[in-house]
Amino acid sequence: MSLMLFMERLYMGIVIILIKLFWKKPEQRYKYEPIQDDVELGSSNFPTVLIQIPMFNEREVYKVSIGAACGLSWPTDRLVIQVLDDSTDPAVKQMVETECQRWASKGINIIYQIRENRTGYKAGALKEGLKRSYVKHCEYVAIFDADFRPEPDFLRRAIPFLVGNPELALVQARWRFVNADECLLTRMQEMSLDYHFTVEQEVGSATHAFFGFNGTAGVWRIAAINEAGGWKDRTTVEDMDLAVRASLRGWKFLYLGDLQAKSELPSTLRAFRFQQHRWSCGPANLFRKMVMEIVRNKKVRFWKKVYVIYSFFFVRKIIAHMVTFCFYCVVLPLTILVPEVRAPIWGAVYIPAIITILNSVGTPRSIHLLFYWILFENVMSLHRTKATLIGLLEAGRVNEWVVTEKLGDSNKTNATKAIKKPRFKFGERLHLLELGFAAFLFICGCYDFVHGQNNYFVYLFLQTITFSIVGFGYVGTIV
């Protein structure tokens, strides 16, 4: 499994270098003509675009996405903004509706929409929104989560690709993070997500015109959504589900790395753990449900099937979590207690070092945090492996959906943020599984220090500290 992960990272590294050196830019690979304002034609040469903003009790950030959507540079008579509010807090619902009415009074075509229940969660809200009669006139739909703030020219840069290339179903933008420097937890997340956008999305777009839709900051062709069967709530990754189904019907995707939307990272460990459970469990469960459908599909090339099944799903969504946890947190420590078993140096040191270096290309400014990032990722691999197994086996929490908590504008003072951050009881912060592994690694480290010859105790003690920090729930407080 280590070799599989190593070869995947090496392949990604080689391809991204070739892309940066030799590949044509998207404007050269696809037909691209900016949509110009025309005094005589007015707005008739602009397609009608639907903006969907799904929300759930977004007290801190609801104004952010609504304001950004209403500020998009697009003719108002060719723009429909749909706020899909599933909030259960009456006060929040009232605030969101009032904000929509405020923008509507300024001439913006914004519609506040609620449902009687949360069936299907986000997928259900998006699906319900597309059923409205006024959506029939819309050709494209842009989706933004409640904390996303696209630049005013977002649509003017994305839509021309869809207009000029009828085979394209999706244009995906890159995420940027307004609170990346808030604490160590957000810095770690930035490093992982920057690699995902800088390498994984770019490589998938350039080589197979396929990648996983990120659920927000993207523009879809509505005809492609309908042809793929619409939004489905069978997993907690409705975005990836739609992307795979659309790709199997021959649609192509385009990732634009220079088209960016600002967003917020979870800054509490509790919110981050819920998010990672959903992001790990959902893909594994989707793989279980769709692997044979991908194999039997006749519309896509053989090598694209290999890429989707092996690289996209198996290695990145399953193997990556399991090998990190099983080898570095279980097998390697156990070799200390069983001296007859020795881990080869290439597997214990060389391959992890190369993988780590390749992962660092996305965030050069954080390269000094690489060592702690490794320790933190090892800890989180326990949580992700558990979620992956739940998804593969369709166990108890397979469809658990907890909306990621958002704390609002990171530009506010630290004092304000301190007030806004929720306070948990000490018992709620404890994570016994992580603390149990901290004890296990500490015992292995002590044994290696006294009796061992590998000097693994240095790594084991540092990993013990990291497991303990996460186990006591304090990683989000380290600045």
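Leaving aside neighbours within four places in sequence, glutamine 276 is in contact with Met380, His383 and Arg384, where contact means heavy atoms within 4.5 Å. Glutamine 276 belongs to helix H10 (residues 269-296). Helices (H or I, at least four residues) and strands (E, at least two) are DSSP runs, numbered from the N terminus. With a relative accessible area of 7%, glutamine 276 is buried. Buried means under 20% relative accessible area, exposed over 50%, and partly exposed in between (1.4 Å probe, protein chains only).

The model described here is predicted: local features need pLDDT of at least 70, side-chain atom pairs count only at pLDDT 80 or more, and totals for chains, interfaces and linings use all residues. Residues are numbered from 1 along each chain as its sequence is written, and side-chain values use heavy atoms, with hydrogens and water left out.

## The sheet

Strands of a sheet pair through backbone hydrogen bonds, either parallel or antiparallel. In this model, an open sheet of eight strands follows the order E3-E2-E1-E4-E7-E6-E8-E5, and its pairing is mixed. The edge strands are E3 and strand E5 (149-150), each of which pairs on one side only. Two strands pair if DSSP finds at least two bridges between them.

Helix H4 (residues 90-104) packs on this sheet and touches strand E1 (49-55), strand E2 (79-85) and E3. The direction of H4 makes about 160° with that of E3. Axes are lines fitted to C-alpha atoms, for helices over the stretch in contact, and angles run from 0 to 180 degrees between N-to-C directions.

Isoleucine 111 lies in strand E3 (residues 110-114). Its relative accessibility is 23%, so isoleucine 111 counts as partly exposed. Apart from neighbours within four places in sequence, isoleucine 111 is in contact with Val80, Ile81, Gln82, Val83 and Tyr134. Valine 83 is 28 residues away along the chain, yet the C-alpha atoms of isoleucine 111 and valine 83 are separated by 6.1 Å.

Further along the sheet, strand E4 (residues 140-143) and strand E7 (residues 218-221) run antiparallel and are joined by four bridges. Isoleucine 143 has glycine 218 in E7 as its bridge partner. Glycine 218 in E7 is also the bridge partner of glutamine 172. E6 and E7 pair in the antiparallel sense over three bridges.

How much of strand E6 is buried? Nine of the 10 residues of strand E6 (residues 168-177) are buried, so this strand is largely enclosed by the rest of the structure. E6 also runs parallel to strand E8 (residues 252-263), with nine bridges joining the two. Arginine 176 stands opposite lysine 262 in E8.

## Two partners of helix H1

Two packed helices are described by the angle between their axes and the distance between the axes. The axes of helix H1 (residues 2-22) and helix H11 (residues 302-337) come within 9 Å and cross at roughly 125°. That angle makes H1 oblique to H11. Angles under 35 degrees count as roughly parallel, over 145 as roughly antiparallel, 65 to 115 as roughly perpendicular and the rest as oblique. The residues of the contact of H1 with H11 divide into 11 nonpolar, two polar and two charged. Ala, Val, Leu, Ile, Met, Phe, Trp, Tyr, Cys and Pro count as nonpolar, Asp, Glu, Lys and Arg as charged, and the others, Gly among them, as polar.

The axes of H1 and helix H7 (residues 184-208) also come within 9 Å, and they cross at roughly 75°. H1 and H7 are therefore roughly perpendicular to each other. In this contact, residues of H1 including Arg9, Tyr11 and Met12 meet residues of H7, among them Tyr195, Thr198 and Val199. The contact of H1 with H7 comprises nine nonpolar, three polar and four charged residues.

## The loop between H7 and E7

Most residues other than glycine have a negative phi, and most peptide bonds are trans. Alanine 209 and alanine 217 are listed below with their phi values.

| Residue | Phi | Location | Relative accessibility |
|---|---|---|---|
| Alanine 209 | about 50° | loop between H7 and E7 | 10%, buried |
| Alanine 217 | about 60° | loop between H7 and E7 | 0%, buried |

Alanine 209 has a positive phi although it is not a glycine. Alanine 217 likewise has a positive phi without being a glycine.
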